[in-house]
Amino acid sequence: MRVEISYKFVVGFIFVVASVVLLNLLVPRLAIPEWSYQWITIVGALLVGLIFGWLFSKAFTANIKILTEGTARVSDGDLSRKVRLRKGLFSDETEDLANSLNLVVDSLRNLVGQIRTSSVNVNESSLALATTTEEMTATAHEVAGSIEQISQGAETQAEMVERASKVIREMAEQIDLVAASAGNLSLSAEETTLSARQGEGMTVTALENLKQVLSQIEENGILIMSFNEQVQKIGTIIDVITSIAQKTNLLALNATIEAARAGEYGHGFAVVAEEVSKLADSTSLSAGEITRLIEGTREQSLKVQQSMAESVKAIDAGRQAVDITGSAFKTIIDKAEAAQVKSVSIRDLTEKQSLGAQAIVNAIEEIARVAEDNAAATEEVSAATEQQTASMEEMTFASQRLSRLADELLTSVSRFNLGISQDKGQA
Amino acid sequence: MIQLLPFKIGFETYALELPDIQEVVENRPIHAFPGAPVEILGAIGFHGRIVPVVNLPRLLDFPEGNHGQRLIVLTNGYGPMALATDQVRPILNVEMTHAIRMGQASERPYIKDIINWQGETISLFDLEQLQGALERVCDPQGGR
């Protein structure tokens, strides 16, 4: 039952007053002198007052002592125990105070527990953050290095793109030259075709001329054969003349012999015979000369015949050569026409190539612009990365400071005793 | 001064005196005698007579070849007889002061004289020796 302290004092006063009254009633009934009645009453009242006062004050001071000890423990940081008052019959405001103090202790314990947990977490997180920021710093450094490389690469890229652009331009010029050459080639192939056609016509003419020459040589051969026959006839006649001359000579010889046998009478006959012999000798010589001439003529005509045969062979070979030349011209015409077609297609292709090369030049220029933009962007990224690195380093310092603060906070809250089970649970 | 008819057998030049010669003939068909010695080529018909032909190259020990195209028919004093030669040349009028007379014991028994005529050596035939030799050839027993 709850009784407030003021009521308790009132009740005590009432008990004292009641005890005085009761003693005043009881004492006369005792076998004691009268004069002592007053004294006994006073003493009795005093005793009752003392007892009640001792009991009340003891009850009050005990609770206040418990409360004082509880607050002292709280102030010492011991939040492990609650304030527990002795159970009395009549509770009062001290119990409210104890309950409030316990609530404070609970709140403090929760708060400290939370602070400890949070500071541990903060410490761990700040350590992790520091580690992470260090890693991030390192990564940022690596990124900066990579960015540097990228920047250098971008510069190299720009340089290479410039070179590529130059090469492509040169290639485009060369392609133009090739296109022009292909055009010239086409014209040359056309001219070659025309020339080959003329050559083919000329070979036909040459073949006809060769045929004419051959027929003339054949006619000449027949003429020479006829001439040889005539010469042969002359030779036969000369043989007859030679034979006649020899016979004449023999006759003259025999006439001379006969004249010698006739002595002086045969002298004139011998002279005639000698003249006849001389004539026969002269005839013989002339016939021999003619024979030699005929032989020479025959040899010459044989040579002419051989030469003509060789000429015929040569002309045959020439005809074959002209035939081959004609077929070669046909082949040349075919090839030249094919070359013309191919050169035209080459010209078309090279024109397309030229357009393609121009497109490549444009693309390379676009690439060059992009590369320059990339280089600029890379420089910006590099600057941003440096700033980021600085921020990361600051963040590292900040997290380290935060870790130290968390440590300090943990140290600060470590003087609070929250009880073993709670400590273990929070650890 | 004598008149000579030079003729050639091989590369040698021989000669006969003109009075010993009847006629020179050529390309006459020569008919061979059966069983005749090799020194006798055969016989020709000459103005209705049969005249034997002496193989002079064979008799003078010339190698076998195309000899005897021209035949010199001798006068009746040594005939009737014809000598086969290779070639007959025109008649020469020769001074005998150019001649060198050969003896009987010469190595060439049918040569009577050797005449040096204008740088050429001409052997003058001894027809009597030739006739004797032919008789020996044709009658080896010597008339026995």
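The following dialogue examines how several descriptions of this predicted model are justified.

Biologist: Which elements make up chain A?

Modeller: Chain A has 5 helices and 0 strands. From the N terminus on, its elements run α-α-α-α-α.

Biologist: Why are helix 3 of chain A and helix 4 of chain A called roughly antiparallel?

Modeller: Helix 3 (residues 93-262) of chain A and helix 4 (residues 267-414) of chain A pack at an angle of about 175°. Angles over 145 degrees count as roughly antiparallel. The two helices of chain A are therefore roughly antiparallel to each other. Their axes lie 1 Å apart. The residues of this contact comprise 83 nonpolar, 52 polar and 24 charged.

Biologist: What share of chain A counts as buried?

Modeller: Of its 427 residues, 13% count as buried; the criterion is 20 or more other C-beta atoms within 10 Å of a residue's own. As for contacts in chain A with a separation of 6 or more, 87% come from residues 24 or more positions apart.

Biologist: What makes strand 3 and strand 4 of chain B edge strands?

Modeller: Each of them pairs on one side only. The open sheet has 5 strands in the order 3-6-7-5-4, with mixed pairing. Its twist averages 30° from one strand to the next.

Biologist: How do you know that strand 4 of chain B pairs with strand 5 of chain B?

Modeller: Pairing requires at least two bridges. Strand 4 of chain B and strand 5 (residues 49-54) of chain B are joined by 6 bridges and run antiparallel, so they meet that requirement. Ala43(B) stands opposite Pro52(B), and Phe46(B) has Arg49(B) as its bridge partner. The hairpin of these strands has 2 residues between them, and His47(B) there takes a positive phi near 50°.

Biologist: How many bridges join strand 5 of chain B to strand 7 of chain B?

Modeller: There are 2 bridges between strand 5 of chain B and strand 7 (residues 82-85) of chain B, which run parallel. The cut-off is at least two, so this also counts as a pair. Val53(B) stands opposite Ala82(B) in strand 7 of chain B.

Biologist: How many residues of chain B are in contact with chain A?

Modeller: On chain B, 10 residues are in contact with 8 residues of chain A; a contact needs C-beta atoms within 7 Å. Strand 3 (residues 21-26) of chain B gives the most to that side of chain B, with 4 residues. By class, the side has 7 nonpolar, 1 polar and 2 charged residues.

Methods:
Residues are numbered from 1 along each chain as its sequence is written. Chains are lettered from A and ligands numbered from 1 in the order in which they are written. This is a predicted model: local features need pLDDT of at least 70, side-chain atom pairs count only at pLDDT 80 or more; totals for chains, interfaces and linings use all residues. Two residues are in contact if their C-beta atoms, placed from the backbone, lie within 7 Å. Ala, Val, Leu, Ile, Met, Phe, Trp, Tyr, Cys and Pro count as nonpolar, Asp, Glu, Lys and Arg as charged, and the others, Gly among them, as polar. Axes are lines fitted to C-alpha atoms, for helices over the stretch in contact, and angles run from 0 to 180 degrees between N-to-C directions. Angles under 35 degrees count as roughly parallel, over 145 as roughly antiparallel, 65 to 115 as roughly perpendicular and the rest as oblique. A residue is buried if 20 or more other C-beta atoms lie within 10 Å of its own, exposed if 12 or fewer, and partly exposed in between; C-beta atoms are placed from the backbone.
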